[in-house]
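Q: Hi! Could you walk me through this structure? I'm new to this, so plain words please.

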Amino acid sequence: MAAAAPGRGPGFWAGASSATVDADGTFVVAFRVRRPEQRGGEIVVARSAYGERLTPLAQLDKERFGAESLERPALVRAGDGRWRLYVSCATPGTKHWRIDLVEATRPEELDAAKSITVFPGDSQTGVKDPVIRYVDGKWNAWICCHPLDVRGEEDRMRTAYATSTDGVAWSWHGTVLTGRPGTWDARGARVTAVLADGRAAYDGRATKEENFSERTGLARRGSGRDQLVATNEEPVSSARYLDVLELPNGEFRIWYESPLPDGSHELRTELVTT
C-alpha cells in the first residue's frame, strides 16, 4: 500500500495517482484524497525512495482552485528540471471540468504556485484526468472528455489526444479511444497510462450505475494517427486509475486505486519485472 484510505466506508478514497522520478532516483507521486463530506478535497504530492511509504511534500486543496472537486492530476518533470502539476477542477454547480496548471522549481513548492487554466473545456465538453508525457521536447496529453450535451448523461467519457510545444498551449487531434457498444466499456474509456511502445491502460464501465466503479482494460496503438485499440474482451482488473512508470532497468512501477470491501479506496503500488 502506498497511501491508506482517509477513513472507513464508502466515499473515503485515496488514489487517482500520477508518478514520476526525480533526478536523485526517488519517486514523486501526486494523488487525490476524497472524503464523503468533502468531494475531491485535495491533491497530495509526496516522495518515496522506492515508490512506497509516501512522505507528503505539498497539499493543494480545492478552495485554492475555486473548484467544487479535484480529481486525477498529472505530475511531470520537464526537460529544464521544473515540476508541473496539471489538476482536474470541477466548476461549482455544474457538470463541467477544466484542467489547471501549477509550476515550481521543486515539488515542495507546488502548493504555493499560481495556477493557470490550460485545458478550459467548453459548454459542450468537460475535460479531466489528464495523462501527460514530455518526450524529446514534445508535450503529449491524453485527456478524458465528458460530453455535456444531454442532461443526466454527463458521465459518458472518451479520450482525446493533444500535443504542445510548451505544455501550456495545446493542439487537439481528436478522439483516440472510446467505449464499445455492448461490452464492459460501453459507457466510455478513460486512458490512464501510455507506454513508450504505444501500449496503454484505460478505465471503462458498462453503465451509468457503474460510475466510480470503473475497471481496468488494455489497449494497443492502432493504425491511424495516435489511435488506440482495446485488446481485451473483459477487464483485466477491478482497480481503476492504473498509472505505469517505466524504469531505466526495464522494470515497471505501477500505482492504482483499489476498492476495499467497506467501500473505501486505497492507493496501492507494485514493482513489475519482465
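Q: Let's start with cysteine 144: is it buried or exposed?
A: Happy to help! Keep in mind that this is a predicted model. In it, cysteine 144 is buried, with a relative accessible area of 1%.

Q: And what about cysteine 145, buried or exposed?
A: Cysteine 145 is buried too, and its relative accessible area is 3%.

Q: What is a disulfide, by the way?
A: A disulfide is a covalent bond linking the sulfur atoms of two cysteines.

Q: OK, how many disulfides turn up in the whole structure?
A: The search finds 0 disulfides. For cysteine 144, the nearest cysteine sulfur belongs to cysteine 145 and is 6.7 Å away. A disulfide needs the two sulfur atoms within 2.5 Å, so this pair does not count as one.

Q: Makes sense. New topic: what order do the strands of the open sheet have?
A: This open sheet has 4 strands in the order S5-S6-S7-S8, and their pairing is antiparallel.

Q: Which ones are the edge strands?
A: Those are strand S5, residues 70-77, and strand S8, residues 116-119. Each of them pairs on one side only.

Q: How much are neighbouring strands turned against each other?
A: On average by 30 degrees, with direction ignored.

Q: Back to S8: how many bridges join S7 to it?
A: There are 3 bridges between S8 and strand S7, which covers residues 97-104, and the two run antiparallel.

Q: Which residue in S8 is the bridge partner of aspartate 100?
A: That would be threonine 117.

Key:
Residues numbered from 1 in each chain as written. Predicted model: local features only at pLDDT ≥ 70, side-chain atom pairs only at ≥ 80, totals over all residues. Heavy atoms only, no water. Pairing = 2+ DSSP bridges. Axes fitted to C-alpha atoms, helices over the stretch in contact; angles between N-to-C directions. Buried < 20%, exposed > 50% of the residue type's maximum accessible area, 1.4 Å probe, protein only.
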